[in-house]
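Q: Could you take a close look at one part of this model for me? I'd like to know how the helices towards the end of the chain pack, and what sits around them.

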Amino acid sequence: MNSHFHFLGICGTAMGAVAAAMARRGFTVTGSDANVYPPMSTFLEEEGITLFEGYKASNIPADADVIVIGNAMSRGNEEVEAVLQRRLRYLSLPETMKEYFLRGKRNYVVTGTHGKTTTTSMLAWLMEDSGLNPSFMIGGIARNLGRGGRFTDSDFSVLEGDEYDTAFFDKRSKFLHYLPELVVINNIEFDHADIYNSLEEIKLSFRRLTQIIPRNGLALVNADDPNCLDVVKGAPCPVKTLGFSDSSNIRILDVETSTDGSHFTLEGTRYYVPMIGEFNIRNAAMAIAAAQFAGLNVKQLADSMGRFEGVARRQEVKGVVNGISVVDDFAHHPTAIKQAILGLRQRYPGSRIWAIFEPRSNTTRRNIFQNELALSLATADFPVVAAVDHPDKVALEERLDLTKLSNDLSALGKDALIGGQAQEIVSAVCKKAQPGDVILVMSNGGFDGIHAKLLEALNA
């Protein structure tokens, strides 16, 4: 049995959760990261894990049996080079999870371009509230669960299945390592332009996923998304479609929405979810159908779903000053941006909506969604787009053209503010914002602490 594991990039959310779980199982665990700071560093040190700040060949313990190499590591990193030179045994994080935590378990994997984190959080909560004590790995913090990842002795694991690649030495999607019994496919769109060249390449990865679902398992697929239906054609596993369309195997019916939540009926049972937007109703329905496949009772599920508290950074209200609400969202794809804005229109009827977007993901820094971004942002009253994050990392001819974006938004009748840094944006927005307005901030990063700056400026 391997006894000493050394993690490269140990302070990442998923890496840290797995490292802690290994330590609890009695393995010796050490790790390095460029940035070692609380709360992750404190959490890991409390688990008895020795941390090294910075990457040096000398950090790798002489007796290390397995090196777990995080997705952010690349060739040229001093520890990566040492691992290769010393011919040490190395694994990616998904392979480590597969070998030490997922084998023999009932693994429920939630996939898709949008809604993965929310749906995974819902499903993990439904299982938790029914007493199954599931293992889970989620790319965000579910409020009901208080953390993003843990491993238990339960038969059940709930995993957010990312289509992104596994490691510098393994370009397959992470989700292909998760030994699924059930897979949810929420939706499929083009994303991750840094590793995929086309939508067809992404669909191929999802097709490969359906090839490893067993015959006593299930693919639960969005009936309203032609790309999802396409990838399960000829799949060797059972398939059920779920959605609003008449052709769905499981239909979402009788939707009623209010400013604080949504009611809907699924297979004869009435459910309430304290979230808004059609996409969240479908997320909830997917989680319920997956939980039913695990044998859970629908009355209990309806009770649990009504007490779902959401996920940090998903339409999270950061504060209200003088009647102006500042809302944080992780949206970083045109579809998600549009859905976030529509969701707020439902929640704050009659309010003016400011949509502040930071082009930070590998895809939105590029001009792939040049036209789609304008159309999505135009659904807000006041679109604001920050300067492209690290523009030097994208060639000029491939980069998002902010001048064109500004012109396109003008043509759509919007007076947009384009290309500023966080502080300039805060000053400009706070000059014009009025009581009753909602300021939506969308980024998949920290955006230079803009939420706190907005609240501070509004207070002043």
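A: Here is a walk through that part, with a short look at other places in the chain for context.

Keep in mind that this is a predicted model. Let's start with helix 13, which spans residues 422-432, and helix 14, which spans residues 450-459. Their axes come within 10 Å and cross at roughly 35 degrees, and the crossing of helix 13 past helix 14 is right-handed. On the helix 13 side, the contact is made by Ala422, Gln423, Ile425, Val426, Val429 and Cys430. Helix 14 answers with Ile450, Lys453, Leu454, Ala457 and Leu458. Sorted by class, that contact has nine nonpolar residues, one polar and one charged.

Helix 14 also holds His451. With a relative accessible area of 10%, His451 falls under the 20% cut-off, so it counts as buried. Setting aside neighbours within four places in sequence, His451 touches Lys318, Val326, Asp328, Val441 and Gly446. For a sense of distance, take Asp392: it is 59 residues from His451 along the chain, and their C-alpha atoms are 26 Å apart.

One of those partners, Val441, leads on to strand 23 (438-442), which is among the elements that the buried residues of helix 11 pack against. The others are helix 10 (334-347), strand 20 (353-357), strand 21 (382-386) and helix 12 (402-411). Helix 11 itself runs over residues 370-377, and its buried residues are Gln370, Leu373, Ala374, Ser376 and Leu377. These residues sit on the same side of helix 11 because they cover an arc of only 165 degrees around the axis. The general rule behind this sort of pattern is that an α-helix has 3.6 residues a turn, so residues three or four places apart point the same way.

Now for some context from elsewhere in the chain. Residues 110-291 carry the UniProt annotation "domain: Mur ligase central", which comes from an unreviewed entry. Over that stretch the chain is 25% helix and 29% strand, and the end C-alpha atoms are 12 Å apart. Some residues of this stretch turn up around Ser92, which lies in strand 5 (residues 89-92). Outside its neighbours within four places in sequence, Ser92 is in contact with Val68, Ile69, Thr166, Ala167 and Phe169. Ser92 counts as buried because its relative accessibility is 0%.

Notes:
Residues numbered from 1 in each chain as written. Predicted model: local features only at pLDDT ≥ 70, side-chain atom pairs only at ≥ 80, totals over all residues. Heavy atoms only, no water. Axes fitted to C-alpha atoms, helices over the stretch in contact; angles between N-to-C directions. Helix = DSSP H or I, 4+ residues; strand = E, 2+ residues; numbered from the N terminus. Left-handed = near helix turned anticlockwise from the far one by under 90°. Contact = heavy atoms within 4.5 Å. Nonpolar A, V, L, I, M, F, W, Y, C, P; charged D, E, K, R; others polar. UniProt positions renumbered as here; feature names shortened; annotations may be inferred. Buried < 20%, exposed > 50% of the residue type's maximum accessible area, 1.4 Å probe, protein only. Arc of directions from axis to C-beta.
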